[in-house]
Amino acid sequence: MKFVAFERTLQGTGASRRLRLTSKVPGIVYGAGEPAMIELDHNALFFALKKEGFHSSVLEMELKGKSEQVILRDYQMHAFKPIVMHIDFQRVDSTTKISKKVPLHFVNEENSPAVKTDKCLVNHVLTELHIQCLAAQLPEFLTVDLVDLVKGQSLHVDDIKLPEGVKVVTHGKKNPVIVSATPPIVEEEVVAAAVVVAAPAAPVKAKKDERQNRK
């Protein structure tokens, strides 16, 4: 994916505020040399951020007529408005070792025995994985094939096939679960659980009239 950035000469809170008033987004590019202060068109960036690949791919940035490879590192949104406040990129090349989260794409779920035969509920426990690899080996996403998933089965990180050079970072968790197939709840059990036998309410005695009490 390719985008165009422009050199930003003014810095500071006031300068950034004025940039945003002209539909520009302040940003920075760091790594492999001096940091570069940049600005981008807000609307183009806003819609680019909606694309999955913009977050998990090596991007081609054009700045001052030159192209550089970068990856998205961070961005800040306004607290309650759909406005991008700031964005950070990192320069990379084919030898740069990076650590990044990539999304999981689940395929063939509807064709698995768990769903097709046993009508199981498939729980996507994780929707992304934190990986380490060289920038040249960064996958846009990881595919999890569920075609052989059966009732009661769980798939773990070690069960998925990773591209060459890609390592999953589990942050101390040993082989975490990615997806599980839960057997369906029997209809009779649902009905039985929903039926509540209510005890008859005790009749409420009406209060006697004060004049009757005096008699």
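This briefing covers salt bridges, two pockets and one sheet. The model is predicted. The salt-bridge count is four. The largest pocket has a volume of about 210 Å³, and the second largest holds about 170 Å³. An open sheet of three strands has the order 8-13-11.

**Salt bridges**

- Lys64 pairs with Glu7 in a salt bridge, with 3.9 Å between the closest N and O atoms. Lys64 sits in the loop between strand 4 (59-63) and strand 5 (66-77). Glu7 belongs to strand 1 (residues 2-7). The two residues are 57 residues apart, and the pair links distant parts of the chain.
- Lys64 has a relative accessible area of 62%, so it counts as exposed, the cut-off being over 50%. Glu7 has 48% and is partly exposed.
- Arg91 and Glu68 join their side chains in a salt bridge, at 2.9 Å from N to O. Arg91 lies in strand 6 (residues 84-91) and Glu68 in strand 5, so this pair ties together parts 23 residues apart in sequence.
- Arg91 has a relative accessible area of 12%, so it is buried, the cut-off being under 20%. Its partner Glu68 is partly exposed, with a relative accessible area of 24%.
- Lys101 and Glu128 form a salt bridge, and their closest N and O atoms are 3.8 Å apart. Lys101 is in strand 7 (residues 97-107) and Glu128 in strand 9 (residues 128-134), so the pair ties together parts that are 27 residues apart in sequence.
- Glu128 is partly exposed, at a relative accessible area of 38%.

**Largest pocket**

- The volume is about 210 Å³.
- Lys101 and Glu128 both appear in the lining. These two residues also form a salt bridge with each other.
- The other lining residues are Leu126, Leu129, His130, Val157, Val168, Val169, Thr170, His171, Lys173 and Pro176.
- Strand 9 gives the largest share of the lining, three residues. Strand 9 and strand 12 (167-169) each supply at least two lining residues.
- By class, the lining has six nonpolar, three polar and three charged residues.

**Second largest pocket**

- About 170 Å³ of space lies in this pocket.
- Met1, Lys2, Phe3, Val4, Leu40, Asp41, Ala44, Leu45, Ala48, Lys51 and Phe54 form the lining.
- Strand 1, strand 3 (36-41) and helix 2 (42-48) are the elements that give two or more residues to this lining.
- The class breakdown is eight nonpolar, no polar and three charged residues.
- Strand 1 thus has two roles here: it contributes to this lining, and it holds Glu7, the salt-bridge partner of Lys64.

**Three-stranded sheet**

- The sheet is open, with strand order 8-13-11 and antiparallel pairing.
- Strand 8 (121-124) and strand 11 (154-156) are the edge strands. Each of them pairs on one side only.
- From one strand to the next, the twist averages 10 degrees.
- Strand 11 and strand 13 (residues 177-182) run antiparallel and are joined by three bridges.
- Ser154 has Ser180, in strand 13, as its bridge partner.
- Strands of a sheet pair through backbone hydrogen bonds, in either a parallel or an antiparallel way.

Definitions and conventions
Residues numbered from 1 in each chain as written. Predicted model: local features only at pLDDT ≥ 70, side-chain atom pairs only at ≥ 80, totals over all residues. Heavy atoms only, no water. Helix = DSSP H or I, 4+ residues; strand = E, 2+ residues; numbered from the N terminus. Buried < 20%, exposed > 50% of the residue type's maximum accessible area, 1.4 Å probe, protein only. 1 Å grid on protein atoms, 1.4 Å probe; cavity = no way out; pocket = protein on both sides within 12 Å on 5 of 7 lines; lining within 4 Å. Points joined across faces, edges and corners; volume = space filled by probe spheres on them. Nonpolar A, V, L, I, M, F, W, Y, C, P; charged D, E, K, R; others polar. Pairing = 2+ DSSP bridges. Axes fitted to C-alpha atoms, helices over the stretch in contact; angles between N-to-C directions.
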